[in-house]
Amino acid sequence: MGNEALKDKTKLISDSDAEKVDVKQVDVICEPFKGLSGSTIPILQKVQDHYGYLSRDIVERIAENMNKSAHQIYGVLTFYSQFHTSPRGKYVIRVCRGTACHVKGSLRISQIVAEEFNISNGETSEDLKFTLEEVSCIGACGMAPVIMVNDKTYGNLTPEEARKILIGYAKKDV
Amino acid sequence: MVSLKIDGIDANVDGSLTILEAAEAVGVNIPTFCHHKMLNPFGACRVCLVEVKGNPKLLTACTTPVMDGMEIITSSEKLAKIRKTLIELLLINHPLDCPVCDKGGECTLQDLAFEFGVTKVRFDEVPMKEPVDHSNPFIERDINRCVLCGKCVRICDEVVNVQAISFIGRGTDTYIGTAFDQAWNCEYCGQCMSVCPVGSLGNRVFLHKNRPWNMKTTYSICGLCSCGCTVVLKHENNKVYRVDEDTDAGINHGFLCSKGRYGYEFINSDDRPEISNVKMNNVAKGIDLKKLIEPSIEKLKNIIDNYGSDAVGMVVSPRLTNEEAFLAQKLCREVLKSNNIYSLEPVTALPDATYDDVDKSDAILVLNMDITESNPILGLSIRRKVRKSGVPLVVFNPSSTALKRLTDNIIVGEPKELYKEIDSFVSSLEGKSEKYKELVSKFKSAEKPLLVFNPYNEIDLYYVERLKKLIPGLKLLPARSKNNSQGILDMGCYSGIRPGYQQCEAGHELAEGIKKGRLKALIVLGENLDLSPEYCSLFDELDKLGLLVVLDPFMSEMSKKAHLYIPVASYAEKDGSFTNFEGRVQSIQKAIDKGFVTDRDFIVSVAEFFNVVLPHSTGDIRVMITQENPLYKDISWDGEVIKYPYLLKHGRSQRKDIICGDGGYNLYPASLRLHSGSYTRRSPELSKVYSEPLLEINPADARDLNVENGEYIKLISGGIEEKFKVDVNEKMSLKTVSLPDNYPSTARIFSINRYLKVDLKR
Amino acid sequence: MTENSLGVHVCMGTAGVASGGREVMEAFNEELKKHGLAGDVKERDCKVKATGCRGLCARDVLVDIIIPGKDEVTYEHVTAEIVPLIVEQHIMNGDVVKKHAAKKDYYGFYELQKRYVLKDCGIIDPEDMDDYIGHGGYSAVKTVLNDMKPEDVIEEVKKSGIRGRGGAGFPAGLKWTFCSKSPGETKYLICNSDEGDPGAFMDRSVIEGNPHCVIEGMLIAAYAIGCNEGYIYCRAEYPLAIERVKKAMKDAEAGNYLGKNILGKDFDFTLHLKEGAGAFVCGEETALLASVEGERGMPRSRPPFPAVRGLWDKPSNINNVETIANFPLIINKGADWYNSIGTEKSKGTKIFALAGKIKNAGLVEVPMGITLKELIYNVGGGIPNRRKFKAVQLGGPSGGCLPESLLDTPIDFDSLQSTGAIMGSGGVVVMDETNCMVNVAKFFLSFTQKESCGKCIPCRIGTKAMLDILERITVGEGREGDIDLLENLAEEIKISSLCGLGQTAPNPVLTTIKYFREEYEEHIKNRKCPARECADLIDFVVDDDRCTKCGACFRVCPTGAIEWEKKMVAKIDLSKCVKCRECIVHCPFNAID
């Protein structure tokens, strides 16, 4: 181990000591997958379901469990849109930008989200309340344009209707 | 066999080949970019697309298997257009850094742009402006120049199996990096850099020092460890600027380790004294060698006259070539008439298996070695084999090793526990124990099992013998440490053994000879007893000698004690041959001349004073070797493997007292990947990364001792108290620590025993 | 449910759920309970059933009321509020609530369709295996295991002429033979449900509406080829589909339709579900395999093909969901019957997802050979808002845009391919005169650019280069020679890309240039967007002559930038205008430039 590299190793270790996130659940999730091939993505999905996002310590713990390199795991998770390495907002607003919705004006709706909460695609508002995600197709094309806020789907929206819904969420738990 | 046509040329090739390989076989050149012989075909760059008659689609030559009756066209207007466009597309983002880029002149992008006739780019340039990454001590990373061919990622994955870098992100945003963009933290082998086709991964030791068209090329064999890698020395004006590789040359297939690649600076080191240190008078370099050594020879003759020939001894280090070693023993035995010819290499185990045997093996056992550290290229060969074929791999080692990426069967433990496990393994082979039943059955049923072991560890040799008896067909691979460790023994540089391992009269035992004053004069060719656990305790006794002559490129601790010290040439400055751990004899070539004499020059000069003419040229010495060394009788000096008269010297008994001393921690000697012996300590870039000996310790133990990475800790053992810098590493087993054993401070600690119980205090 | 039962079928496909299907179901359950009709009570029981998508999603929530002895009645746009009315008036008193009942055009929607594959969607409860079996489910598996040898099954499917429904259109039976012939004990069968085409929801509806038919189709294929293990790879963006498939798999296993010794025969088949993680490229066969193996979804070169070296280097056969859903049909009704539907080279039916500027947006199943005009106007109901048809986009981002002149093209693999478009997975997006074709090309290219895996140079960098050119054109910085440059680059990307994504990404650009070249030229030469969609090329000025003073624009402007009073021509205040184009979208007279 080289001296320069040592500095980084130190950071790694003292980080996990100080980290508030309890990584033990990662071990629990990884356990049933031991010995099975092709389990990277299901593990990442389950771990993200539990923790909400995949931080550096969590990814490193997964790597340890799977006897793989953390860089390789990071390479896999950054490929897929589903995985996030930073915390997301309480309300994830998915604006469908699929063909049918685009043709029915979903770009404008995306702009409205940006106007209301000052976030662009992939960003989370500073108060961690809202995340904007432009998605390619929710599959509810019959009701275009469509947005989803967490699990709820809203369709057949005019831009102002969309704005009203968003303001409704903004007012929640204030 | 499959018949096909490539550009009208008939080809008859094996059905397992790709179009690219078939084309190569008939001399047709298809351009490639992301392809590398030693990696799985990737098919990403599309440069090797070819037309196949009857198929509307273009196919990549690197991935497509040949089929009977195929008619392939490798160049056409259509293909020319595509190839041009591909380069144009790369040039959209690739900065035109050629004037300041080290790769200029050896850059595939430059070459292909020229070959395909790209004179302008039809698209708007969108240069990237990422900062250059200096976090890796040896590799300069300029991500703006990266063409995403993926060779670096693939080699780190498929060959080295460390996966220190990966493709990150997707689509246009893809880049090559590490998890969360942390600093590069890897083995620094430089394999990635060696395959980068552009100037994205650069050699920081070479950075901005020269241009490829200025440098000359000399092929040689690396003079550091016993892997025997072919290196390509790039030099100009008698200075080595870079060590390159050649995928098609040598047993290493173009792979090198970090010290082979980046540790060459010692050759150019300013530390190499130009003035010989003669305690009697100071003499300048370049003076007649005979004149220089004459006073010492007088002394030598005096000692022989007064005390007899057996008061004189010679110590040969593995840094010498076969030819020099042969001459040395001839000088000692026939000219000085003394049987006291020594080396610090054991003759207990001789080569059996080669790299080829690793490739063909179907079960590999690594006994008590951290093989990827001690012999990196051998380690690489094991990694590639296990990764490719999934053969069972079992490793016994006090602490975990890099091989854990490839096998779960890494059995670790503090020395006593470890040997208990090895005992269990042997018992399981004998059917007396159930513990390793499953694993041993894999070895018993294997057709080509292989054992890699440490020939320097007396304790282990007992187990090697047992394993050889119990596992049918087991091939043995004693992993020697230095470039010519094997060769000097082959040449009889060992008391009581002639060239070719025939017995002859033995001289004094070296330690006794020094302690009891029986040796009055020593000629030391390269060896440094201060760094040997076995002999360092006698280091100060050397002052008792009437004459100490030391030849060494550097002013080592040994050199400082000498009455006559002569600075000599390194491996890049002489001709000759080395024999590696396989028993393969490979020639080295002189690349540069810094005006230093060689050990050979010295030996021949000494002989002259005794009126004996020894052969001087490499050719002449070799003729004599073929006459006097039956093992080397018919070799070509170009890569043949010697067949040895025995594999193991029998009669080992099991050592019961494995570890001694008292204390709460178990200490064992570590192998260093970044250093080979002491020469590389003179390479500043390498030494920046590893300078003083580091004590490796487990994080939990470090916490208990309240010590953090980089801090110092006191080690107490056998009356010695010494401070060492700490390297906290998760691979270490609990209550087990390691230190390299070949530094002046550490050699003394290990002089008591290989395994020690020690105390550690903050 | 007995023959005497009364049925209330509520659409619970995603669109149905999104439109409030759950609330409607709860409302029905409550109301029926109130009237004492829930469960087995009195002479007739009444079951409220969640069913899959019946197609006309634009009219969700759709509810079918089935009273034995009476005509089946469909209600559209049902909300929880009107449920009590329906229960009281129709169910209790037999009087159809005409106000909410589906109009005649709803039935017209089905006239030209042949809902064979979708036959159970909308009728059975997708979460009830017994319902599936009650409607003839798993009978094809029984036939295959009892009466046919694997080779016979392959022959039958070959004879049927069915071609892959995922987009490539490769003959499925032939594909089976490659994998079947490959040496080796271990073979994998994979169901590609990574339907990523924006605007496509055929596979989703099949899985959500009838997951067992997919399992049955896979069993048939596995038996024929010799696979003992299979994977359904479903994109994570379909949580409902995943839920339903999971349940179906569990039930099928319990019923001995999956696992070891299926139906007592010497045939094992273990099925696993893998969720995608958000990458469109994983719909490509080899990228899908990489994803199942736990790696980045980067495609691999072919040959060697997955049939020879697939999942974990073992022979694998990958079929699309819709293709698989056809297999039970072929076995049950026979290859000859299947042959009788469709055209000479394109047999059977195809499910399409109609979307965009079309009245009847939703899911339709039509026989191959029907013309585009029939699909759009007869089945789809034509263009709403009195707009004119401009183009129809087929095959998602891999497909092409066809103009009015090609509306008589029959829908079959080869006819469509000759136009420059492809059948694709079934997405059909209709555009009217307010859609700019350059913008459409840009939109699709942005999508493929975003989803490109990044492995090969032509797709990674080439599509970006194309996109940059299109961006320039849409903001008025087009240059002389741009169109030719686009065409040349597009052709080269098509033939040099590693996988289908790159090979087809240029299609929207190529077809729009081919059929709408003048529009590109307008953008470049005159810096104008004829469809008025490219905001940077619009002046946002009302043309006094064309303005009919209707005030529609005034009403929709979000920033109050339009000045208007009754009987006045509207005027736009450019300092307040944010270029959202709502005015242009809503102006029925195209009076704003």
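**Two interfaces of chain C, and some backbone details**

Biologist: How many residue pairs in polar contact does the rule find across the interface of chain C and chain B?

Modeller: The rule finds 15 such pairs, both residues at pLDDT 80 or more. Keep in mind that this is a predicted model.

Biologist: What makes a pair count as a polar contact?

Modeller: The pair needs N or O atoms within 3.5 Å, one able to donate a hydrogen and the other to accept it.

Biologist: Which helices of chain C supply at least two residues each to the side that touches chain B?

Modeller: Helix 17 (437-451), helix 18 (457-474) and helix 19 (482-496) each do. Helix 18 gives the largest share, with nine residues.

Biologist: How do the residues of that side of chain C divide into nonpolar, polar and charged?

Modeller: There are 14 nonpolar, ten polar and eleven charged residues.

Biologist: How many residues of each chain take part in the contact of chain C with chain B?

Modeller: Chain C gives 35 residues, and chain B gives 35 residues. About 2,700 Å² is buried between them. Carbon and sulfur atoms give 58% of that area.

Biologist: Why is an area given for an interface?

Modeller: The size of an interface is often given as the accessible area lost when the parts come together.

Biologist: Which residues of chain C lose the most area to chain B?

Modeller: They are C:Arg296, C:Ile457 and C:Glu492. Together they account for 21% of what the chain C side buries.

Biologist: Why is the pair of C:Glu492 and B:Arg122 called a salt bridge?

Modeller: The closest N and O atoms of C:Glu492 and B:Arg122 are 4.0 Å apart. The cut-off is within 4 Å, between a side-chain nitrogen of Lys or Arg and a carboxyl oxygen of Asp or Glu. The pair therefore counts as a salt bridge. The rule finds four salt bridges across the interface of chain C and chain B.

Biologist: How many salt bridges does the rule find between chain A and chain C?

Modeller: Zero. Polar contacts do occur there, in eleven residue pairs with both residues at pLDDT 80 or more.

Biologist: Which helices of chain A supply at least two residues each to the side that touches chain C?

Modeller: Helix 3 (40-51), helix 5 (70-77), helix 6 (99-103) and helix 8 (159-171) do. That side of chain A divides into 14 nonpolar, 15 polar and five charged residues.

Biologist: How many residues of chain A and chain C are in contact, and what area do the chains bury?

Modeller: 34 residues of chain A are in contact with 49 residues of chain C. The two chains bury about 3,100 Å², 59% of it on carbon and sulfur atoms. In chain A, A:Phe79, A:Thr99 and A:Val103 lose the most area, together 20% of what that side buries.

Biologist: What scores does the predictor give the complex?

Modeller: An ipTM of 0.91 and a pTM of 0.92. Chain C averages a pLDDT of 90, and 98% of its residues score at least 70.

Biologist: Where are C:Pro303 and C:Pro304 found?

Modeller: Both C:Pro303 and C:Pro304 lie in the loop between helix 12 (285-292) and strand 8 (316-320) of chain C. A cis peptide bond joins C:Arg302 and C:Pro303, with omega about 5°. Another cis bond joins C:Pro303 and C:Pro304, with omega about 0°.

Biologist: Why point out cis bonds or a positive phi?

Modeller: Most peptide bonds are trans, and most residues other than glycine have a negative phi. Phi of B:Trp637 is near 60°. Phi of C:Lys549 is near 60° too.

Biologist: Why is B:Trp637 called buried?

Modeller: Its relative accessibility is 7%. Buried means under 20%, so B:Trp637 counts as buried. B:Trp637 is in the loop between helix 19 (618-628) and strand 26 (638-641) of chain B.

Biologist: What makes C:Lys549 partly exposed?

Modeller: C:Lys549 has a relative accessible area of 37%. Buried is under 20% and exposed is over 50%, so C:Lys549 falls in between. C:Lys549 is in the loop between helix 21 (507-525) and helix 22 (552-556) of chain C.

Biologist: How do you know whether C:Phe516 is buried or exposed?

Modeller: C:Phe516 has 6% relative accessible area. The limit is under 20%, so C:Phe516 is buried. C:Phe516 sits in helix 21 of chain C. Leaving aside neighbours within four places in sequence, its contacts include C:Ala391, C:Cys401 and C:Met437. C:Phe516 and C:Ala391 are 125 residues apart in sequence, and 9.6 Å apart in space, C-alpha to C-alpha.

Note on methods. Residues are numbered from 1 along each chain as its sequence is written. Chains are lettered from A and ligands numbered from 1 in the order in which they are written. Side-chain values use heavy atoms; hydrogens and water are left out. pLDDT is the predictor's confidence in each residue, from 0 to 100. Contact means heavy atoms within 4.5 Å. Buried area is the accessible area (1.4 Å probe) that two parts lose on being put together, summed over both. A polar contact is a pair of N or O atoms within 3.5 Å; within protein, one must be able to donate a hydrogen and the other to accept it, and residues adjacent in sequence count only if both atoms are side-chain atoms. Helices (H or I, at least four residues) and strands (E, at least two) are DSSP runs, numbered from the N terminus. Ala, Val, Leu, Ile, Met, Phe, Trp, Tyr, Cys and Pro count as nonpolar, Asp, Glu, Lys and Arg as charged, and the others, Gly among them, as polar. Buried means under 20% relative accessible area, exposed over 50%, partly exposed in between (1.4 Å probe, protein chains only).
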